[in-house]
Structure formats: C-alpha cells, structure tokens
Amino acid sequence: MSKDVENNTEKSLIEFVYKFVQNCLASKPVIVLGSGHSSVYGIPDVHQIGEYLVANVTSTIKKEDEVAWNKFQEVLKQKHLEAALHEVQLSPQVTKLIIEKTWEYIYSADKRALYQIINSLSGGFPLARLYNHLFQSTHSRISIITTNYDNIAEYAADVAGYAWTTGFNYGYIGQRCVKQPVTIYKHQTPFRMVDIWKVHGSIRWYRGGDGIVYNFPSTDGLPEGFVPAIVTPGINKYKDTHEEPFRSIMAGADLALDSGNSFFCVGYGFNDDHIQPKLLEKCRQYNKNIVVLAKKLTDAAKKVLMDGGCKHFLAFEDADGGTRMFNCEHSTGVVLKDMKLWSMGDLLDRVL
C-alpha cells in the first residue's frame, strides 16, 4: 500500500470515528462510569482495594476466622478481589470489616480528589464538560449509571452548575426519596438534573441499626451505630442489592438503560451482572450505539462487545504511539497514531 493510500485510509477511519462518537453523544446517551474513570482522580481500583484489605484487616482477624482469611489471601494472589470473595466464604464479622475498610480507603481518596478538583477548577473537568455538551439541547435530565462508591459524578455536576440526585433528599441528613425521579425547582422552573444511579452504593450512605439508609454528605467519619451502605464484591452482593435503597436504585438504572438511545462507557470493565445484561440486550437486539473508553480494555469488555453480538460499537484503549480502536470491522484492533482517544478529555477535544 502506498503512503498516500495509507494516509487516506487512516484519515477516512478517523472521520468515521469522530462521526460515530458525535452521533452517540447527540442521541442522549446513558453514561456508564466504572472504576477506570475514577482512578484518574486517585480513587483506588479493585486491585488496590484488595491489597489494602490484606494490609489492614489481617492483624484484626480472630483465631476462628484465620483459616478462611488465609485461604482468601491465597486466592487473591491468583484472582481478582471479586472472584476471591466469591470463592471463599468469610464470616459476618470479617465481611463487616471488609466493608468498613473498603469505605475507609475510598472515603479518604475521595476527599483528596475533591481538593484536587477544587484546586484545578480553571483547568477543565472532562465529565463536567460532557454534561455541558449534553445539556446544549432540549434534554432536561442526564442519566449516569455507576458501580463506583465515590462522588466524582456529583462533583462534575457541581462544577458544571447542574442539580444532581442519587435518590436522596437534599440536606445534611438526607432521607431516601420514595417518589422518583427527584426534581429540584427554582421559582417553579425545574433545574436540569443529573440522575446518578449508584448501583453499589456510596461512601455517603449509611445504614442505621433500624435498617434505614441515610445520605450524610458532611460527616467526617463513620457515625456511631451506622455501617457504610456499600455493596462489596462477594457472596452477599446479590442479597444486599435486594434491599432498599438498592432495589429502587436498580429499578431506576434499568429504566435509564431501557430509555437510552445510546451508551457512553468510561472505565467500565463489563464485569457487573447488575448492568451489563440489560446493556448487552439493548446493543444486541436494538442496535444501539455504544462507545467504550478505557486505559486497558478488560477481557470481559472485549468478549461482551466482540463476541456478544454488538453491531454498532467503538472501543478505545491505550496503545504505544496512539490509541487502539476496536469495532466490528477491526476485531483485533487498529492503532490510530498520535491520539489519546481512550482519554475522555482528549476525545472530547477532538469530536466536540
């Protein structure tokens, strides 16, 4: 192939990529955020959480739990955290420790992320920029679905100047809103809202002894008598998500997925059974467009996209000298040189 033909082919491919992403963003996408998105702001991923648990839980394990905990550590050396927690049955006491230590780790990182964002307000915030772009339309609501416990999606809405809801009333002691969706009004005019469906809970949610979950946005530690309302990987994951507020949150997330015209996924590994069956159904049966950005696409993501019958997708990951792009015509990937399209900020720079 001559140099001119090669250049023209690459130019044509790039134009196709830009148009595909633009069409996806123009059709009111549902945004799916995974841990890869939050890691940019220093929020630990599942591997770092596993290391933190080993370092901070081991010394507190009681004698009767030592055998199971040692087995868990051995499995964790070979597999990721969720697989280890599924394979090894840990006692309720150890499970409680895991929840509290996971909350502690994410909570501290989230606080640092907030100050990082505050100190760089003039430097741009890709997710806030995406919100602004999507609201340059008649749309009154944006749907975010996330497996993350942190508050990055909420901070982005604040930076962009939009109201947001995670299913709780506003205030220092937020109670769950039974009636959904939540709408904020000013002079009888509804704010544009960002609906953030946190299917695994939040570091700001706490369950009291009576079983009721509250949103405490201003606490500086774990309130006495409460436990973090986060769903950690493991055997109890599916039981926990059948309780409130998770039942209502999942119902809202399902409704968002059903009504979504396209999907824009950032740092999502396609390892969660609560989201991807519905997402895959929409892409398979209804030919919805889906764009996936990741530093490194997981094997699960590649399997879902390329072996799952999706016909209209683009996926990007980091590559030496550029970005590796995947779609139906390039199942093994093609490198787009001198670009960082796997990074949301760089992608928005080029397509908006």
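**Exercise 1.** In this predicted model, find what covers the buried residues of helix H11, then decide how those buried residues are arranged around the helix axis.

*Solution.*
- Start with the cover. It includes helix H10 (246-259), strand S11 (262-266), strand S12 (289-293) and helix H12 (299-306).
- List what is covered. H11 spans residues 276-285, and its buried residues are Gln-276, Leu-279, Leu-280, Lys-282 and Cys-283.
- Look down the axis of H11. The buried residues fall within an arc of 160 degrees, so they line one face of the helix.
- Recall the helix geometry. An α-helix has 3.6 residues a turn, so residues three or four places apart point the same way.
- Step past the end of H11. Asn-287 there takes a positive phi of about 55 degrees.

**Exercise 2.** Work out the strand order of the nine-stranded open sheet, then name the strands at its edges.

*Solution.*
- Read off the order: S3-S7-S2-S1-S11-S12-S13-S14-S15, with mixed pairing.
- Check the ends. S3 (163-165) and S15 (330-337) each have a single partner strand, so one side of each lacks a neighbour in the sheet.
- Zoom in on one pair. S12 and S13 (residues 313-319) run parallel and are joined by four bridges. Val-291 has Leu-314 of S13 as its bridge partner.
- Add a helix. H12 packs on the sheet and touches S12, S13, S14 (322-327) and S15. The direction of H12 makes about 150 degrees with that of S13.

**Exercise 3.** Describe how helices H7 and H13 cross.

*Solution.*
- Take the axes. Those of H7 (residues 126-134) and H13 (residues 344-351) come within 9 Å and cross at roughly 35 degrees.
- Assign the hand: left-handed.
- Name the contact residues. H7 gives Pro-126, Leu-127, Arg-129 and Leu-130; H13 gives Met-344, Gly-345, Leu-348 and Asp-349.
- Sort them by class: five nonpolar, one polar and two charged.

Key:
Residues are numbered from 1 along each chain as its sequence is written. This is a predicted model: local features need pLDDT of at least 70, side-chain atom pairs count only at pLDDT 80 or more; totals for chains, interfaces and linings use all residues. Side-chain values use heavy atoms; hydrogens and water are left out. Buried means under 20% relative accessible area, exposed over 50%, partly exposed in between (1.4 Å probe, protein chains only). Helices (H or I, at least four residues) and strands (E, at least two) are DSSP runs, numbered from the N terminus. The arc is that of the directions from the helix axis to the C-beta atoms. Contact means heavy atoms within 4.5 Å. Axes are lines fitted to C-alpha atoms, for helices over the stretch in contact, and angles run from 0 to 180 degrees between N-to-C directions. A crossing is left-handed if the near helix is turned anticlockwise from the far one by less than a right angle, and right-handed if clockwise. Ala, Val, Leu, Ile, Met, Phe, Trp, Tyr, Cys and Pro count as nonpolar, Asp, Glu, Lys and Arg as charged, and the others, Gly among them, as polar. Two strands pair if DSSP finds at least two bridges between them.
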